[in-house]
Amino acid sequence: MASTRRHFIQASSIASLAWQAAEGQDKKFSANDRIQIALIGTGGMGMSDVRSALLVPGVELVACCDVYDGRLQRAKELWGSQIFTTRDHREILARKDIDAVIVATPDHWHAAITMEALQAGKHVYCEKPMVHEIPEGKPVIEAQKRSGKFLQIGSQYASSLGFLKARDLFRAGAIGELNLVEAWLDRNSALGAWQYSIPPDASPKTVDWDRFLGKAPKRPFEAIRLFRWRNYNDYGTGVAGDLFVHLFTGIHTVTDSLGPTRIFATGGLRFWKDGRDAPDVMLALVDYPKTNTHPEFSLSLKVNFVAGSSGENFGVRFVGSEGVMSATMTSVTLTRTPRETEPGYTINTFAEATQKQFLKEYYEKYPPTHPTADSIRPERQERYIPPPSHNPHHEHHRNFYHAIRSNKPFFEDGVFGFRTAGPALLCNTSYFERRICSWDPQTMTAS
Ligand SMILES: NC(=O)c1ccc[n+]([C@@H]2O[C@H](COP(=O)([O-])OP(=O)(O)OC[C@H]3O[C@@H](n4cnc5c(N)ncnc54)[C@H](O)[C@@H]3O)[C@@H](O)[C@H]2O)c1
């Protein structure tokens, strides 16, 4: 506990203290409201999840699980020697003092551990994508229903004020009828392309290799497959499961859509030829059906890990009949430009007499006016930026613990999570099988 507090003090910036004060207003908690959590998968994102979770008053980390000993040692260094550590997640689930678990393993373990944890009576925060394969989706949803516990999926786009403000504007009709969404996420670095560091002490002694493999095909120890698991389809879900799924989450949050019906993806492995299965450039074209909340619209998705420029280039543009909204996690810009309504004329291929007749009729219908300073209409642009204290990832964890305490689920539950993971995984199917895939967003079934 002492080191938890120490960590908290180290990690707290003024921004996060402000955020925590808001949490205090939201809910006064007592010792009985304490929520004891465990982390399963103590890697990059899992540690980041714990850091966000520990900012929520009354949340305490009790245990960590990982198949690589170095990360368990690091957990004790960060959060204290009292943290229980194990290579076997079942030892975590058997503990009565744990209320909730964070599942931040590679994707191929998400469904199995989430289902076991729910069955063991734990609330679950499972990192995105909810599942590694489509047939795993419905069993996870059923396990959540049977358990009566909460399941929240870890795409923080659903808690970002950029996308939530875009949702309010969209619902208020700010862009008219949606017809197209363009979303992209480009990178141009080794780290961005998942070339993560491999610790020099990685060996069959320090790694529980069979436990890492899990349902994946058996093979001899190879450190690269554990530490760069995203590159291999046996464990990861490629750029679609890693990044398209975030974009789907943002888009479904804004539009209240249940999901698309048709999916086509293409791309290739253009640069990072390090033995990986996953493409480093992927494009998808996706059709959304008409619903009560929006008309039919098309979606284009793009990830390029060889983007030729520095930094991460990211955007989601919602294009409607009356305006365009560009959302990020921490901003939304709404632009409305008056539309030209006169049809114009392109008549010089007509015979001269026809041209004259055309122009006579045209000017009767659209009398010529000369624009003046008064008559030109403004393009309107509004930009909304949340306060600097807003951190969508912190907020996403706050929403999880708030759901547990208030007994009201947050909307990014297992059903929402499968409705974003399913279409993302079908982008992979389309890419590898070179075909257009169909998805029924109501029944969550692929064909
Ligand atoms: N929400 C986000 O923005 C975001 C960002 C990054 C990653 N993620 C997700 O988080 C998850 C983890 O990604 P990461 O980048 O932290 O990867 P990582 O490799 O850094 O961490 C995964 C950890 O899980 C451990 N592990 C593997 N099999 C295990 C098992 N059976 N039991 C316990 N531990 C096991 C690995 O040893 C590793 O330490 C992925 O599903 C990823 O998609 C989400």
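**Entry 1: around the ligand**

I began with the ligand in this predicted model. I looked up its surroundings and found 29 residues around the ligand, of which G41, G43, G44, M45 and E127 come nearest. Next I asked which elements give two or more residues to this shell, and noted α3 (44–53) and α9 (209–213). Helix α3 gives the most, with three residues. I then sorted the shell by class: eleven residues are nonpolar, eleven are polar and seven are charged.

**Entry 2: the sheet of six strands**

A friendly reminder to myself: strands of a sheet pair through backbone hydrogen bonds, either parallel or antiparallel. Which kind of pairing does the sheet of six strands have? I found parallel pairing in an open sheet, with the order β3-β2-β1-β4-β5-β6. At its edges I noted β3 (84–86) and β6 (151–154), each of which pairs on one side only. From one strand to the next, the twist averages 20 degrees.

I picked one pair to follow up close. Strand β1 (residues 35–40) runs parallel to strand β4 (residues 100–103), and the two are joined over four bridges. If you want a spot to look at, find A38, which stands opposite V101 in β4.

Then I looked for a helix on this sheet. Helix α6 lies across β1, β4, β5 (123–127) and β6, and runs at about 170 degrees to β5.

**Entry 3: α6 beside α7**

I stayed with α6 and looked at its helix neighbour. Two packed helices are described by the angle between their axes and the distance between the axes. For α6 (residues 110–119) and α7, the angle is about 15 degrees and the axes are 9 Å apart. Angles under 35 degrees count as roughly parallel, so α6 and α7 are roughly parallel to each other. I also wrote down that α6 passes α7 in a left-handed crossing.

Which residues meet here? On the α6 side I listed A111, T114, M115, L118 and Q119, and on the α7 side P139, V140, A143, Q144 and S147. By class, this contact has six nonpolar and four polar residues, with no charged ones.

**Entry 4: a cis bond on the way to α7**

While I was at α7, I checked the loop between β5 and α7, where P129 is found. A cis peptide bond joins K128 and P129, with omega at about -15 degrees.

**Entry 5: α7 beside α14**

Helix α7 (residues 137–147) also packs with helix α14 (residues 414–433), at an angle of about 170 degrees and with the axes 9 Å apart. Are α7 and α14 roughly parallel or antiparallel to each other? Angles over 145 degrees count as roughly antiparallel, and α7 and α14 are therefore roughly antiparallel. From α7 the contact takes G137, V140, I141 and Q144, and from α14 it takes G414, V415, F418, A421 and G422. Here I counted by class five nonpolar, four polar and no charged residues.

**Entry 6: α11 beside α14**

Helix α14 has a further partner in my notes. Its axis and that of helix α11 (residues 238–255) come within 8 Å and cross at roughly 135 degrees. That makes α11 oblique to α14. The crossing of this pair is right-handed.

I listed the residues that meet. Helix α11 brings G238, A240, G241, F244, V245, F248, T249 and H252, while α14 brings F416, R419, T420, A421, P423, A424, L425, C427 and N428. By class, this contact has ten nonpolar, six polar and one charged residues.

After α11, I looked at the loop between α11 and β8, where D256 is found. D256 has a positive phi of about 60 degrees although it is not a glycine.

**Entry 7: the sheet of ten strands**

My last stop was an open sheet of ten strands with mixed pairing, in the order β14-β13-β12-β11-β7-β10-β9-β8-β15-β16. Its edges are β14 (380–384) and β16 (445–446), each with a single partner strand, so one side of each is left without a neighbour in the sheet.

For a pair to trace, I chose strand β8 (residues 262–268) and strand β9 (residues 281–288), which pair in the antiparallel sense over seven bridges. Within this pair, G267 has M282 in β9 as its bridge partner. Here α14 turned up again: this helix packs on the sheet, touching β8, β9, β15 (437–440) and β16, and its direction makes about 55 degrees with that of β8.

How values were computed:
Residues are numbered from 1 along each chain as its sequence is written. This is a predicted model: local features need pLDDT of at least 70, side-chain atom pairs count only at pLDDT 80 or more; totals for chains, interfaces and linings use all residues. Axes are lines fitted to C-alpha atoms, for helices over the stretch in contact, and angles run from 0 to 180 degrees between N-to-C directions. Angles under 35 degrees count as roughly parallel, over 145 as roughly antiparallel, 65 to 115 as roughly perpendicular and the rest as oblique. Two residues are in contact if their C-beta atoms, placed from the backbone, lie within 7 Å. Ala, Val, Leu, Ile, Met, Phe, Trp, Tyr, Cys and Pro count as nonpolar, Asp, Glu, Lys and Arg as charged, and the others, Gly among them, as polar. Two strands pair if DSSP finds at least two bridges between them. A residue is near a molecule or strand if its C-beta atom, placed from the backbone, lies within 6 Å of it. A crossing is left-handed if the near helix is turned anticlockwise from the far one by less than a right angle, and right-handed if clockwise.
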